[in-house]
Amino acid sequence: MRKLILVAASTILMGLFLYTSMQNSTKQNLLDTHFSSMAKEINANKNLGWVANEEYVPFSKAELKKMFNIRRSKTLPSGFSQAPKIDLSDDELPESFNGEEKWSNCESFKEVRDQSACGSCWAVAAAAALSDRLCVANEQKSQKRVSALDLLSCCDACGDGCQGGELFESFVYAKEKGLVTGGEFGDKNSCKPYPFPPCNHHSQGPYDECSQHDYSTPECTATCVENYSVPYKSDKIFLKKAYSVRGEKQIMKDLMTYGSLEVAFDVYEDFMLYKSGIYSHTSDTILGGHAVKLVGWGVENGIKYWVCVNNWNSNWGEKGAFRIKRGVDECGIEDDVVGGLF
């Protein structure tokens with residue numbers, strides 16, 4: 001009798017497992033079909049200005065929710081200052097600009113960081129922008145990288161680490177507490193390099209799919225990696241000023257004077273299909289917020305655009321970057337723009 005009960009229970013559990021698996025599979029198929037149809041519709045519209053990837057890597061809604069969890073605050077922290085006044089007229093702004101070209105001796109401008117399977121866009125983009133600004137402030141003589149890990153794991157006021165964070169508080173932390181040096185995964189010449197390896201973000205590439213991993217926020221430590229000769233406290237780099245920039249022209253002037261900025265924007269579901277061109281959203285469904293590095297601007301076929309570097313390695317988009325409409329606050333990208341001075 002006991003054996004029959006155990007067999008019956010096992011059969012029921014197996015049936016529930018198979019039923020759940022079938023349901024999940026059906027939901028995933030519907031999701032894939034939805035995005036496949038969306039990509040074809042986008043590419044059929046020749047006036048849209050950008051190309052969708054019809055050979056995207058499938059992803060789940062849970063994965064999307066985790067990746068787009070930036071916190072967008074409507075108020076500035078008390079640690080923020082007024083943006084510096086820049087003695088440039090609007091007429092002096094060029095039609096196109098790219099920080100990598102102006103500051104060609106700064107190696108950090110050439111890098112595309114990878115946040116991996118961690119919702120750390122807020123920290124990775126901040127560290128990337130600050131690395132560029134540090135090089136510019138040192139007349140392109142310093143090639144130090146600012147650590148995303150130090151910010152990710154140690155800034156309690158910034159948010160929840162791999163579960164999302166906040167732009168403004170990140171720069172206040174860099175000003176008040178400082179950040180140590182830290183390059184990309186595998187870097188051996190800095191205090192706190194990024195701990196997670198690259199993965200494929202909704203695109204074809206040589207790595208594992210990001211959906212195969214789910215990294216937790218590392219513990220905050222006041223030590224550098226083994227064999228790095230500079231003590232943690234001595235390795236700290238401090239911002240002198242943190243501030244927000246508002247308005248298309250002011251953003252351009254600040255970018256051209258001091259280097260890359262960190263920006264946040266609302267991610268609509270069609271952004272997941274971006275391959276090339278000047279992005280503007282066609283979908284009404286928002287997945288969440290995302291932070292990236294703003295490096296330049298330009299005009300193509302009469303359409304003004306910003307140039308942004310994503311945190312999804314160089315296999316995604318236009319060699320890791322994307323262009324998005326400028327001057328119309330597309331997806332709110334001109335609302336939260338953050339800079340700092342060393």
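## Briefing: an aromatic cluster and its surroundings

Ring pairs tie Trp50, Phe68, Phe265, Phe271, Tyr274, Tyr279, Trp312, Trp316 and Phe322 together into a cluster. Please keep in mind as you look around that this is a predicted model. The chain holds seven helices and nine strands, and 52% of its 342 residues count as buried. Here is a tour, topic by topic.

**Confidence in the model**

- The average pLDDT over the chain is 90, and 89% of the residues score at least 70.
- Residues 5-9 are one stretch to treat separately: pLDDT stays under 50 there, and the model has zero contacts for them beyond four places in sequence.
- Residues 16-27 give a similar report, with pLDDT under 50 throughout and zero contacts beyond four places in sequence.

**Overall contact pattern**

- If we take contacts between residues at least 6 apart in sequence, 73% of them join residues at least 24 apart.

**Aromatic rings and charges**

- The count of aromatic pairs comes to 21, with ring centres within 6.5 Å as the rule for a pair.
- One of these pairs is Phe265 with Phe271: the ring centres are 5.3 Å apart and the planes stand at 75°, so the pair is edge-to-face, given that planes over 60 degrees apart fall in that class.
- Phe265 has 0% relative accessibility and therefore counts as buried.
- Phe271 also counts as buried, because its relative accessibility is 0%.
- Arg323 places its charged end over the ring of Tyr305, at 5.1 Å from the ring centre.
- For Arg326, the ring underneath the charged end is that of Trp306, and the distance to its centre is 5.7 Å.

**Strand 4 and its partners**

- Strand 4 covers residues 261-268, and seven of its eight residues are buried, so the rest of the structure largely encloses this strand.
- Eight bridges pair strand 4 with strand 6, in the antiparallel sense.
- Within that pairing, Tyr268 has Ile286 of strand 6 opposite it.
- Strand 4 is also joined to strand 9, here by three bridges, and these two strands run antiparallel as well.
- Val263 finds its bridge partner in strand 9, namely Val337.

**Helix 6**

- Seven of the 10 residues of helix 6 are buried, which leaves the helix mostly covered.
- The buried residues are Leu167, Phe168, Ser170, Phe171, Val172, Tyr173 and Ala174.
- What do these buried residues pack against? Their partners are helix 4 (121-137), helix 5 (148-154), strand 3, strand 4, strand 6 (286-300) and strand 9 (336-341).
- At the start of the helix, Glu166 brings a side-chain oxygen to within 2.8 Å of the backbone nitrogen of Phe168.
- Just beyond the other end, Gly178 adopts a positive phi of about 80°.

**The loop after helix 6**

- Phe185 belongs to the loop between helix 6 (167-176) and strand 3 (241-244).
- With a relative accessibility of 46%, Phe185 counts as partly exposed, because that class runs from 20% to 50%.
- Phe185 and Phe196 are 11 residues apart along the sequence, and their C-alpha atoms are 6.1 Å apart in space.
- Once neighbours within four places in sequence are set aside, the contacts of Phe185 are Tyr194, Pro195, Phe196, Pro197 and Pro198.

**Helix 7 and Asp254**

- Asp254 lies in helix 7, which spans residues 248-258.
- Is Asp254 buried or exposed? Its relative accessibility is 2%, so Asp254 counts as buried, since the limit for that class is under 20%.
- Asp254 has company in this respect: Glu248, Ile251, Met252, Lys253, Leu255 and Met256 are among the buried residues of helix 7.
- Leaving out residues up to four places away in sequence, Asp254 touches Pro84, Ile86, Arg133, Tyr243, Val245, Gly259 and Leu261.
- Gly259, one of those contacts, comes just after helix 7 and takes a positive phi of about 110°.

Terms used:
Residues numbered from 1 in each chain as written. Heavy atoms only, no water. Phe/Tyr/Trp six-rings, centres within 6.5 Å; stacked < 30°, edge-to-face > 60°. Buried < 20%, exposed > 50% of the residue type's maximum accessible area, 1.4 Å probe, protein only. Lys NZ or Arg CZ within 6 Å of the ring centre and 35° of its normal. Helix = DSSP H or I, 4+ residues; strand = E, 2+ residues; numbered from the N terminus. Contact = heavy atoms within 4.5 Å. Polar contact = N/O pair within 3.5 Å; in protein donor to acceptor, adjacent residues only side chain to side chain. Pairing = 2+ DSSP bridges. pLDDT = per-residue confidence, 0-100.
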